[in-house]
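Work through the exercises below with the sequence and the coordinates at hand. Each task is followed by a solution in steps.

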Amino acid sequence: MSIQLYNTLTRKKEPLRTVETGRVKIYVCGPTVYNYIHIGNARVFVFFDVVRRYLKYRGYEVTYVQNLTDVDDKLIKASQETGRPVPEIAETYIGAFFEDMDSLGVERANVHPRATEHIPEMIEAIRTLIDKGYAYERDGDVYFRALSKEGYGKLSHQSLEELKAGARVEVNERKENPLDFALWKRAKPGEISWESPWGRGRPGWHIECSVMSRKYLGDTFDIHAGGTDLTFPHHENEIAQSEALTGKPFALQWMHNGYINMGSEKMSKSLGNIVRVKDLREEFSPRAIRHFLLSAHYRNPIQFTRETMEQMERGIERIDTAWTNLRHRMKASMEGPVLPETAKALDELTREFEGAMDDDFNTASAIGVLFEGVRMANELIGRDVVPRGTLQAVADWLNRYGGEILGLVATEAEEETDEQVEALIQKRQEARRRRDFAQADAIRDQLAAMGIIVEDTPQGVRWRRKS
Ligand SMILES: [Zn+2]
């Protein structure tokens with residue numbers, strides 16, 4: 001069974017294709033760093049973090065590139081409003097972006113190229129497009145002739161008529177055709193700018209991604225992705241420029257994720273109904289946010305509500321409780337093998353998990369399988385006698401699928417908590433030895449408040465989490 005994915009270009013689910021066998025090259029459009037990101041922005045980054053982890057699990061070598069747009073109209077506007085230079089604003093929000101991503105457990109890309117560090121390459125690409133007749137200069141701006149190449153509209157599946165009807169009614173006499181788009185923008189006085197053959201200016205947003213993806217992934221690469229709102233014009237324009245530039249297909253497959261909705265509207269900065277990752281992290285655990293962002297199939301919208309977030313948090317608590325109890329039971333249990341029925345059930349869960357992920361990366365179903373694993377752990381913990389090997393096999397399964405791939409089982413963080421519990425139990429034992437029962441009871445109450453039940457048995461002290 002191979003991995004199937006929905007390709008926006010063909011509008012079909014198709015087997016994953018790669019230029020090189022065993023290697024997947026992915027480009028995901030990154031943030032424009034003029035503000036904190038909201039959870040609608042974060043969805044694609046968290047989802048692709050899982051895609052990457054899963055492809056690695058499937059044996060692929062993954063090269064993952066995600067750009068940082070550190071110059072554009074929004075940054076210039078923010079600079080004019082605050083009086084801070086564009087590079088300073090960009091630096092602030094690049095830092096904030098990585099802080100958000102790190103907290104959500106998103107691994108860094110292989111490369112996070114910045115637009116401002118690739119200006120010479122962009123100028124070179126624009127010059128080539130002019131030489132080949134695909135672009136023209138007007139008063140210091142350079143535009144791409146959108147219709148100069150066959151197939152414009154193929155990604156967003158729009159006919160020429162639809163494209164024309166959708167073209168913004170704007171008075172720009174410099175453009176030959178309203179569908180043409182800027183490759184280079186002449187600088188207005190006081191704006192950040194670079195020297196070019198067409199005078200001082202800055203690159204357009206679309207050319208940035210075409211140039212940087214080509215530099216790090218080659219003329220043709222495997223998967224290009226982003227939010228569904230990037231399909232047109234951003235990705236459509238990227239295809240037109242790149243294919244005009246190289247004469248080769250640009251990306252083999254295109255993936256686009258759905259919106260996060262607030263009430264009946266999509267979450268977006270322009271509507272002002274956003275929830276920033278930074279703010280949500282103060283109220284909910286990062287893994288609950290991650291759980292939320294993966295809780296629907298990536299192409300479907302997700303509805304944001306406080307109740308849903310609370311439900312996600314309870315899900316994470318269930319995982320943590322099972323994990324802690326499992327580890328504690330392992331310490332207290334006798335050596336022994338994996339029970340055959342457990343081995344069989346785990347194999348079945350693995351097949352279900354792979355089936356979900358192979359089917360266009362259905363994280364919603366994969367999370368469902370993870371919770372079956374949690375139920376299985378709880379059932380075993382509830383038994384009187386379970387061989388250690390059996391508990392270990394379940395712990396390994398949860399760690400691999402729920403931790404390494406989905407990033408929802410936090411094995412390390414829980415070990416810290418375990419250590420805290422062990423230290424408190426140790427203190428309680430010492431208090432009892434000193435016959436300081438008031439102190440011992442106080443510690444017991446403290447543990448109870450943490451959801452820890454302490455049991456004194458003839459073999460010593462045992463503890464478990466309240467489930
Ligand atoms: Zn892009």
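Two strands count as paired if DSSP finds at least two bridges between them. The model used here is predicted.

**Exercise 1. In which sense do β11 and β12 pair, and which residue stands opposite M262?**

Step 1. β11 covers residues 260–262 and pairs with β12 in the antiparallel sense, over 2 bridges.
Step 2. Opposite M262 stands E265 of β12.
Step 3. The two belong to an open sheet of 3 strands with mixed pairing, ordered β12-β11-β13. Its edge strands, β12 (265–266) and β13 (302–303), each pair on one side only.

**Exercise 2. Describe the hairpin of β1 and β2, and sort the residues of β1 by face.**

Step 1. Strand β1 (residues 4–7) and strand β2 (residues 12–15) are antiparallel and share 4 bridges. E14 in β2 is the bridge partner of L5.
Step 2. Between the strands lie 4 residues, and R11 takes a positive phi near 55 degrees in this hairpin.
Step 3. In a regular strand the side chains alternate between the two faces of the sheet. In β1, L5 and N7 are on the covered face, while Q4 and Y6 are on the uncovered one.

**Exercise 3. Which atoms coordinate the zinc ion, and are C29 and H234 buried or exposed?**

Step 1. The donors are SG of C29, SG of C209 and NE2 of H234, at 2.1 to 2.2 Å.
Step 2. Along the chain they follow the spacing C-x179-C-x24-H. C29 sits in the loop between β3 (23–28) and α1 (39–57), and H234 is in helix α7 (residues 231–246), so this pair, 205 residues apart, links distant parts of the chain.
Step 3. The cut-off for buried is under 20% relative accessible area. C29 is buried because its value is 5%; H234 is buried as well, at 1%.

**Exercise 4. How many cavities of 30 Å³ or more does the structure hold, and what lines them?**

Step 1. The search of the whole structure finds 2.
Step 2. The largest has about 50 Å³ of space. Its lining includes Y64, F97, R108 and H112. The elements giving two or more residues are β4 (61–66) and α3 (86–103), with α3 giving the most, 3 residues.
Step 3. The second largest has a volume of about 40 Å³. Among its lining residues are S210, D219, S242 and F250. Here α6 (205–217) and α7 each give two or more residues, and the largest share, 3 residues, comes from α7.
Step 4. By residue class, the largest cavity has 6 nonpolar, 2 polar and 2 charged lining residues; the second largest has 2 nonpolar, 4 polar and 2 charged.

Technical notes: Residues are numbered from 1 along each chain as its sequence is written. This is a predicted model: local features need pLDDT of at least 70, side-chain atom pairs count only at pLDDT 80 or more; totals for chains, interfaces and linings use all residues. Side-chain values use heavy atoms; hydrogens and water are left out. Donors are N, O and S atoms within 2.8 Å of the metal (3.2 Å for Na, K and Ca); water is not among the atoms, so sites may look incomplete. Buried means under 20% relative accessible area, exposed over 50%, partly exposed in between (1.4 Å probe, protein chains only). On a 1 Å grid over the protein atoms alone, a cavity is a set of points where a 1.4 Å probe fits but cannot get out, and a pocket is an open set with protein on both sides within 12 Å along at least five of seven lines; lining residues have an atom within 4 Å of a point. Grid points are joined across faces, edges and corners, and a volume is the space filled by probe spheres set on the points. Ala, Val, Leu, Ile, Met, Phe, Trp, Tyr, Cys and Pro count as nonpolar, Asp, Glu, Lys and Arg as charged, and the others, Gly among them, as polar.
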